[in-house]
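Me: Please give me a close look at one loop of this chain, and then link it to what lies around it. I'm new to this structure, and plain talk is fine.

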Amino acid sequence: MVEKAGNLGKQDQAPDKERTGLVGDIDDSNYLDFIQNNRKAVLVVGTSWCHFCAEYKPVVSRLVKALPEVSFGQVVLDQPHRTGVKRDYRELLSKGVPLTLMFESGKNIGFFYGAKTFKEA
(Lines give C-alpha, C1' and ligand atoms only; values in the text may rest on other atoms or scores of the structure.)
Protein backbone atom coordinates (compact mmCIF):
# COMPACT_ATOMS: atom_id res chain seq x y z
CA MET A 1 0.00 0.00 0.00
CA VAL A 2 1.80 3.11 1.24
CA GLU A 3 5.20 3.23 2.85
CA LYS A 4 6.24 5.51 5.66
CA ALA A 5 9.83 5.16 6.73
CA GLY A 6 10.36 3.74 10.16
CA ASN A 7 6.93 2.15 10.66
CA LEU A 8 6.73 -0.82 8.32
CA GLY A 9 7.84 -4.05 9.90
CA LYS A 10 7.24 -2.83 13.44
CA GLN A 11 4.30 -5.13 14.06
CA ASP A 12 6.69 -7.06 16.31
CA GLN A 13 6.73 -4.27 18.89
CA ALA A 14 5.03 -4.83 22.22
CA PRO A 15 1.27 -4.77 21.65
CA ASP A 16 0.68 -2.14 24.33
CA LYS A 17 2.89 0.39 22.52
CA GLU A 18 0.94 2.70 20.24
CA ARG A 19 2.32 3.07 16.72
CA THR A 20 1.34 5.91 14.42
CA GLY A 21 1.72 6.45 10.70
CA LEU A 22 1.38 3.41 8.48
CA VAL A 23 1.48 0.29 10.61
CA GLY A 24 1.15 -1.91 7.52
CA ASP A 25 -0.77 -4.99 6.51
CA ILE A 26 -3.40 -6.10 8.98
CA ASP A 27 -4.56 -9.72 9.19
CA ASP A 28 -6.14 -12.02 11.77
CA SER A 29 -2.93 -12.14 13.82
CA ASN A 30 -2.87 -8.38 14.53
CA TYR A 31 -6.35 -7.08 13.65
CA LEU A 32 -7.74 -6.72 17.18
CA ASP A 33 -4.43 -5.46 18.60
CA PHE A 34 -4.31 -2.76 15.93
CA ILE A 35 -7.79 -1.50 16.80
CA GLN A 36 -7.48 -1.79 20.58
CA ASN A 37 -3.91 -0.58 21.07
CA ASN A 38 -3.96 2.57 18.97
CA ARG A 39 -5.82 5.58 20.33
CA LYS A 40 -6.74 6.72 16.82
CA ALA A 41 -6.74 4.18 14.02
CA VAL A 42 -7.90 4.00 10.42
CA LEU A 43 -8.32 0.67 8.70
CA VAL A 44 -8.58 0.71 4.89
CA VAL A 45 -10.23 -2.46 3.60
CA GLY A 46 -10.01 -3.45 -0.05
CA THR A 47 -8.93 -6.11 -2.53
CA SER A 48 -5.94 -6.52 -4.81
CA TRP A 49 -8.13 -6.41 -7.96
CA CYS A 50 -10.26 -3.35 -7.03
CA HIS A 51 -9.68 -0.36 -9.33
CA PHE A 52 -11.12 2.11 -6.79
CA CYS A 53 -8.88 0.67 -4.06
CA ALA A 54 -5.83 1.35 -6.24
CA GLU A 55 -7.03 4.92 -6.90
CA TYR A 56 -7.44 5.47 -3.17
CA LYS A 57 -3.85 4.52 -2.24
CA PRO A 58 -2.32 7.95 -3.03
CA VAL A 59 -5.02 9.62 -0.92
CA VAL A 60 -4.22 7.34 2.01
CA SER A 61 -0.54 8.11 1.53
CA ARG A 62 -1.28 11.83 1.89
CA LEU A 63 -3.47 11.20 4.94
CA VAL A 64 -0.66 9.25 6.62
CA LYS A 65 1.59 12.29 6.23
CA ALA A 66 -1.09 14.83 7.18
CA LEU A 67 -2.29 12.97 10.29
CA PRO A 68 0.81 11.76 12.14
CA GLU A 69 -1.18 11.10 15.32
CA VAL A 70 -3.29 8.43 13.57
CA SER A 71 -2.28 4.81 12.93
CA PHE A 72 -3.18 3.53 9.45
CA GLY A 73 -3.48 -0.10 8.44
CA GLN A 74 -4.71 -1.96 5.40
CA VAL A 75 -6.64 -5.18 4.99
CA VAL A 76 -6.47 -6.88 1.59
CA LEU A 77 -9.48 -9.17 1.70
CA ASP A 78 -8.39 -11.57 -1.03
CA GLN A 79 -5.22 -12.48 0.90
CA PRO A 80 -5.16 -15.35 3.44
CA HIS A 81 -6.08 -14.89 7.11
CA ARG A 82 -8.55 -12.02 6.80
CA THR A 83 -11.59 -13.76 8.34
CA GLY A 84 -11.78 -11.51 11.43
CA VAL A 85 -12.47 -8.36 9.43
CA LYS A 86 -14.78 -10.23 7.03
CA ARG A 87 -16.78 -11.61 9.98
CA ASP A 88 -16.96 -8.42 12.02
CA TYR A 89 -17.83 -6.11 9.12
CA ARG A 90 -19.76 -8.51 6.86
CA GLU A 91 -22.77 -6.22 6.47
CA LEU A 92 -20.67 -3.17 5.59
CA LEU A 93 -18.45 -5.16 3.22
CA SER A 94 -21.48 -6.50 1.36
CA LYS A 95 -21.90 -2.98 -0.03
CA GLY A 96 -18.42 -2.78 -1.52
CA VAL A 97 -14.82 -1.68 -1.17
CA PRO A 98 -12.78 0.28 -0.48
CA LEU A 99 -14.20 0.60 2.99
CA THR A 100 -12.50 2.94 5.44
CA LEU A 101 -13.13 2.23 9.12
CA MET A 102 -12.22 4.77 11.81
CA PHE A 103 -11.57 3.86 15.44
CA GLU A 104 -10.89 5.82 18.59
CA SER A 105 -9.83 4.07 21.80
CA GLY A 106 -10.87 0.71 20.35
CA LYS A 107 -14.37 1.78 19.26
CA ASN A 108 -15.61 2.17 15.71
CA ILE A 109 -16.54 5.84 15.35
CA GLY A 110 -17.33 5.91 11.65
CA PHE A 111 -16.82 4.56 8.17
CA PHE A 112 -17.17 5.50 4.53
CA TYR A 113 -17.15 3.76 1.18
CA GLY A 114 -15.29 4.49 -1.98
CA ALA A 115 -12.16 6.24 -3.09
CA LYS A 116 -12.36 9.72 -1.63
CA THR A 117 -10.27 12.70 -2.56
CA PHE A 118 -7.87 14.11 0.02
CA LYS A 119 -10.32 16.92 0.88
CA GLU A 120 -13.29 14.54 1.15
CA ALA A 121 -11.42 12.10 3.38
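**The loop with Pro98, and what lies around it**

Reply: Pro98 lies in the loop between H4 and S4, where the H and S labels stand for helices (DSSP runs of H or I, at least four residues) and strands (runs of E, at least two), numbered from the N terminus. Before going on, keep in mind that this is a predicted model, in which local features need pLDDT of at least 70 and side-chain atom pairs pLDDT 80 or more, while totals for chains, interfaces and linings use all residues. Residues are numbered from 1 along each chain as its sequence is written, and side-chain values use heavy atoms, with hydrogens and water left out.

So what is special about the way into Pro98? The peptide bond that runs from Val97 to Pro98 is cis, and its omega is near 0 degrees. Most peptide bonds are trans.

Now look at the two elements that frame this loop. Helix H4 covers 90-93 and strand S4 covers 99-104, and each of them gives two or more residues to the largest nonpolar core. A nonpolar core here is a set of buried Ala, Val, Leu, Ile, Met, Phe, Trp, Tyr and Cys residues joined through side-chain atoms within 4.5 Å. Buried stands for under 20% relative accessible area, exposed for over 50%, and partly exposed for in between (1.4 Å probe, protein chains only). That largest core has 19 residues, and those with the most contacts inside it are Leu43, Val45, Val85, Tyr89, Leu93 and Leu101. Helix H1 (31-36) and strand S2 also put two or more residues each into this core. Apart from it there is a second core of 11 residues, with Leu22, Tyr56, Val60 and Val70 among them.

Val85 is a handy place to see the main core from the inside. Leaving out residues up to four places away in sequence, Val85 touches Asp28, Tyr31, Leu43, Val45, Val75, Leu77, Arg90 and Leu93, where touching is a contact, heavy atoms within 4.5 Å.

Back to the strand that follows our loop. Thr100 lies in strand S4, and Thr100 counts as buried because its relative accessibility is 2%. With residues up to four places away in sequence set aside, Thr100 touches Val42, Leu43 and Val44, then Tyr56, and also Gly110, Phe111 and Phe112. Leu43 is one of the residues with the most contacts inside the 19-residue core, while Tyr56 is included in the second one. Take Phe111 as an example: it is 11 residues from Thr100 in sequence, yet their C-alpha atoms are 5.4 Å apart in space.

What comes after strand S4? Ser105 sits in the loop between S4 and strand S5 (107-113). Its phi is near 50 degrees, a positive value in a residue other than glycine. Ser105 is exposed, because its relative accessible area is 55%. His81, in the loop between S3 and helix H3 (83-88), shows a positive phi too, about 65 degrees, although it is not a glycine. At 58% relative accessibility, His81 counts as exposed as well. Most residues other than glycine have a negative phi.

Moving back one element from His81, you reach Phe72 in strand S3. Phe72 is buried, given its relative accessible area of 3%. The C-alpha atoms of Phe72 and Ile26 are separated by 9.6 Å, and these two residues are 46 residues apart along the chain.

A word on cysteines. Cys50 is buried at 8% relative accessibility, and so is Cys53, at 10%. The structure holds zero disulfides, meaning pairs of cysteine sulfur atoms within 2.5 Å.

Finally, step back and place the loop in the whole chain. There are four helices and five strands, and from the N terminus on the order is β-α-β-α-β-α-α-β-β. Of the 121 residues in the chain, 41% are buried. Among contacts with a separation of 6 or more, residues 24 or more positions apart account for 61%. And there, in the loop between H4 and S4, is Pro98, with the cis bond from Val97 leading into it.
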